[in-house]
Amino acid sequence: MRPLRYSINVTLDGCCSHEAGLPPDADSMRYWADQMAKADALILGRTTYQMMESAWRRPATGDWPGWMGERELPFAEAIDRAPKHVVSSTLDSVDWNAELLRGDPVAAVRHLKAQPGRGLWVGGVTLPTALAEQGLIDEYEFLVHPVLAGRGPTLLAGLHQQVRLELVERRDFPSGAVAVRYRPLHATA
């Protein structure tokens, strides 16, 4: 059974808008590229899929855009080539190395987890909350930015039950950001 890891950038006050934290630096980009490369596939909701695609899909020319520097390339290449499963009831089709998951997202994710492999990665805001409610997330990985956003979507908002976690890894960055990885206390993965 493949473990499912929820990974996201978050501010100290829980905001998980991609615009709220510190600007990406070489350390955080390298960290996320390494994490992305460890996943067999990504599971994304429609909003996250479309946001990531607009930023990280390799253009048809094959050349990365000029704004992308050396620090962004490993992450861009990792996410561009990663297989993706997109949960959406409104999209008619997806591409960018992606498969559209229709119907019950919980059942679809259970099916994906039951397959052999190293692990799955889920990002975003809404879909991870639904998966956490069902106990499907095996690891929570947060890159916590030393910022108080004071606004924006918050991490796992609307979760109906407490999920007790144990710290399994911590990494400090020169920027003051801290990567932390937790497992639910009931998980054995």
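A residue counts as buried here when its relative accessible area is under 20%, as exposed when that area is over 50%, and as partly exposed in between. By that criterion, 47% of the 189 residues of the protein are buried; the model you have open is a predicted one.

**Whole chain**

Begin with the whole chain in a cartoon view, where five helices and eight strands make up the secondary structure. Followed along the sequence, these elements come in the pattern β-α-β-α-α-β-β-α-β-α-β-β-β. The radius of gyration is 16 Å, close to the 16 Å that the globule rule gives for 189 residues, so the protein is as compact as a globular protein of that length. If you align the view with the principal axes, the C-alpha trace spans about 45 × 40 × 30 Å. Of the contacts with a separation of 6 or more, 71% are made by residues 24 or more positions apart.

Switch next to a surface, whose accessible area comes to about 9800 Å², with 52% of it belonging to carbon and sulfur atoms. Colouring by charge brings out 20 positive and 23 negative side chains, and the centres of these two sets lie 3 Å apart.

**Strand β6 and its neighbours**

Now select residues 139-145, which form strand β6; seven of its seven residues are buried, so the strand is largely enclosed by the rest of the structure. With side chains shown, E139, E141, L143 and H145 lie on one side and Y140, F142 and V144 on the other, and both faces are covered.

Add residues 4-11, strand β1, which pairs with β6 in the parallel sense over seven bridges; to find the register, look for N9, which stands opposite L143 of β6. Then add strand β8, residues 178-184, whose pairing with β6 is antiparallel and runs over five bridges. Here the residue to pick is V180 in β8, the bridge partner of F142.

**Helix α5**

Move back along the chain to residues 126-133, helix α5, and show its buried residues, which are L127, P128, T129, L131 and A132. These residues pack against several elements, among them β1, β2 (41-45), α4 (105-114) and β6. Just after the helix, select G135, which takes a positive phi of about 70°.

**Strand β3 and the loop that follows**

Strand β3 (84-87) is also among the elements against which the buried residues of α5 pack. From β3, K84 and V86 point one way while H85 and V87 point the other way, and all of them are buried. β3 pairs with β2 in the parallel sense over four bridges, and I43 can be found opposite H85. Four bridges also join β3 to β4, again running parallel, with K84 standing opposite A98 of β4.

Finish in the loop between β3 and β4 (98-101), where W96 is placed and where N97 is also found. Most residues other than glycine have a negative phi. W96, however, has a positive phi near 55°, and N97 likewise has a positive phi, of about 65°, without being a glycine.

Which of the classes buried, partly exposed or exposed does W96 belong to, and which does N97 belong to? W96 counts as buried because its relative accessibility is 4%, whereas N97, at 44%, counts as partly exposed.

Conventions
Residues numbered from 1 in each chain as written. Predicted model: local features only at pLDDT ≥ 70, side-chain atom pairs only at ≥ 80, totals over all residues. Heavy atoms only, no water. Helix = DSSP H or I, 4+ residues; strand = E, 2+ residues; numbered from the N terminus. Rg over C-alpha atoms; globule rule 2.2 N^0.38 Å. Buried < 20%, exposed > 50% of the residue type's maximum accessible area, 1.4 Å probe, protein only. Contact = heavy atoms within 4.5 Å. Areas by Shrake-Rupley, 256 points an atom, 1.4 Å probe, with all protein chains shown as cover. Lys, Arg positive; Asp, Glu negative; His and termini not counted. Charge placed at Lys NZ, Arg CZ, Asp CG, Glu CD. Pairing = 2+ DSSP bridges.
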